[in-house]
Amino acid sequence: MSGTERPTTGRADRPDELYERLVAYEGRSAATAGTGKDPVNLPMIRHWCEAMGDTHPAYGGPDAVAPPTMLQAWTMGGLSGHTDRSSAYEELFALLDGAGYTSVVATDCEQEYLRPLRPGDEIGFDTVIESVSERKTTKLGTGHFVTTRTDVRAGGELAGTHRFRILKYAPAARPDRRPGARAAEPEARSGAKSGAAGARTGPKPAPRRPRPVVNRDNAGFWEGVAAHRLLIQRCGDCAALRLPWLPGCADCGSREWDTVEASGAGTVFSYVVMHHPSFPAFDPPYAVGLIELAEGVRMISNVVGVPYDKVRIGMPVRLEFLRVDEELELPVFRAGGED
């Protein structure tokens with residue numbers, strides 16, 4: 001199959017036949033002899049550390065190294081995208097799209113670090129399609145997990161490995177949860193027996209907020225939110241506080257930690273007003289604040305209780321929990337008064 005051909009659609013395949021075609025791509029290259037768009041450099045390291053709130057001294061000065069978790073950053077294509085994708089990679093995703101698995105969500109990544117990256121290192125990488133799962137059904141929908149492995153090199157020497165897993169899926173139909181709503185009849189859903197194919201028989205359900213990504217590193221935070229508690233991690237060795245939650249301390253590297261409950265008091269450290277683009281379930285314009293809690297850590301959340309154009313830096317705010325739908329509550333901050 002040439003790089004310009006597209007595999008035939010998988011819509012007519014039985015699930016096992018489609019899976020046989022998908023697993024044939026395991027072990028094939030997704031990118032060969034890729035190169036980083038920029039060498040490892042101090043400005044990008046500084047921006048990363050500022051965004052992450054990481055003040056470790058190893059990441060600055062004349063002998064600086066890059067934070068290990070930046071491993072993928074040096075291989076990313078940026079807004080212009082990747083130009084080194086292989087034909088096998090494109091064919092695999094065309095096959096999934098043709099089978100109806102047109103949505104995608106990143107699910108997790110694993111990284112292994114073999115040597116530090118330093119400013120000036122020229123980055124090369126190779127990516128392989130490591131595995132394609134059997135068909136899986138999740139809350140999002142039904143589809144296949146695709147895992148790629150990228151070997152990252154600096155000066156020809158293997159520096160680390162990055163595994164990235166996504167789910168290519170067909171979104172599940174969302175039930176109408178309005179009081180008194182009934183499940184649609186099969187012919188109404190498909191339009192096959194109705195006078196107008198595909199016609200909808202009721203108001204479109206209101207869109208839901210995107211779900212937060214909950215994993216083993218931050219599950220405790222969201223359990224706290226469900227109990228109306230805002231929990232901050234505290235290092236078990238140096239007692240440094242951190243938010244958002246991380247598996248290790250940015251100050252001393254310790255993996256030991258416990259939690260303290262935030263008092264709920266804070267101030268607006270900075271903010272933006274979102275006008276565009278508009279997303280379903282959001283009603284712009286609205287204010288998004290970087291909130292400095294009384295405990296000294298910061299978090300991003302909505303500022304409520306005042307018009308968006310009345311939010312000010314230094315404005316006192318107070319934590320509350322906002323139920324946005326039947327499944328999700330979020331911590332937000334209500335303005336305590338105007339300057």
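**Exercise 1. The barrel and helix α5**

Starting from Arg-318, whose bridge partner in β14 is Arg-334, work out how β13 and β14 pair and how α5 packs on the sheet.

*Solution.* The model is a predicted one, in which local features need pLDDT of at least 70 and side-chain atom pairs count only at pLDDT 80 or more, whereas totals for chains, interfaces and linings use all residues. Residues are numbered from 1 along each chain as its sequence is written, and side-chain values use heavy atoms, with hydrogens and water left out.

Step 1. Helices (H or I, at least four residues) and strands (E, at least two) are DSSP runs numbered from the N terminus, and the protein chain has five helices and 14 strands. Two strands pair if DSSP finds at least two bridges between them; β13 and β14 have seven bridges and run in the antiparallel sense.

Step 2. These two strands belong to a closed barrel of five strands, in the order β10-β11-β12-β14-β13, with mixed pairing. From one strand to the next, the twist averages 50 degrees, where axes are lines fitted to C-alpha atoms (for helices over the stretch in contact) and angles run from 0 to 180 degrees between N-to-C directions.

Step 3. Helix α5 packs on the sheet and touches β13 and β14, its direction making about 65 degrees with that of β14; contact here means heavy atoms within 4.5 Å.

Step 4. Within α5 (residues 219-226), the buried residues are Gly-220, Phe-221, Trp-222, Gly-224 and Val-225, where buried means under 20% relative accessible area, exposed over 50%, and partly exposed in between (1.4 Å probe, protein chains only). The elements that cover them include β7 (231-235), β13 (316-323) and β14 (329-335). Just after the helix, His-228 takes a positive phi of about 60 degrees.

**Exercise 2. A salt bridge between paired strands**

Which parts of the chain does the pair of Asp-108 and Arg-165 link, and are the two residues buried or partly exposed?

*Solution.* Step 1. A salt bridge requires a side-chain nitrogen of Lys or Arg within 4 Å of a carboxyl oxygen of Asp or Glu, and by this rule the count comes to 17. The side chains of Asp-108 and Arg-165 meet in one of them, at 2.4 Å from N to O.

Step 2. The pair links distant parts of the chain, with Asp-108 in strand β2 and Arg-165 in strand β6 (residues 157-171), 57 residues apart. The strands β2 and β6 run antiparallel and are joined by 10 bridges, and Asp-108 stands opposite Arg-165.

Step 3. Asp-108 counts as partly exposed because its relative accessibility is 31%, and Arg-165 is partly exposed as well, at 23%.

Step 4. On β6 there is also pairing with β5 (residues 141-154), antiparallel over 14 bridges, where Ala-154 stands opposite Glu-157. In the hairpin of β5 and β6, two residues lie between the strands, and Gly-155 takes a positive phi near 60 degrees.

**Exercise 3. Arginines with and without a salt bridge**

What is the nearest side chain of opposite charge to Arg-242, and which buried residues does the salt bridge of Asp-121 join?

*Solution.* Step 1. Arg-242 lies in strand β8 (residues 241-242) and is buried yet has no salt bridge, the nearest side chain of opposite charge being Asp-251, 8.2 Å away. For this count, Lys and Arg are positive and Asp and Glu negative, while His and the chain ends are not counted.

Step 2. A polar atom of the Arg-242 side chain does, however, lie 3.1 Å from the backbone oxygen of Leu-246. Beyond four places in sequence, Arg-242 touches residues including Ile-232, Cys-235, Cys-249 and Trp-257.

Step 3. Asp-121, by contrast, meets Arg-115 in a salt bridge of 3.4 Å, N to O, and both residues are buried.

Step 4. Arg-323 and Glu-329 likewise form a salt bridge, at 3.4 Å from N to O, and Glu-329 counts as buried because its relative accessible area is 15%. Salt bridges that share partners also join Arg-208, Arg-211, Asp-325, Glu-326 and Glu-327 into one network.

Key:
A polar contact is a pair of N or O atoms within 3.5 Å; within protein, one must be able to donate a hydrogen and the other to accept it, and residues adjacent in sequence count only if both atoms are side-chain atoms.
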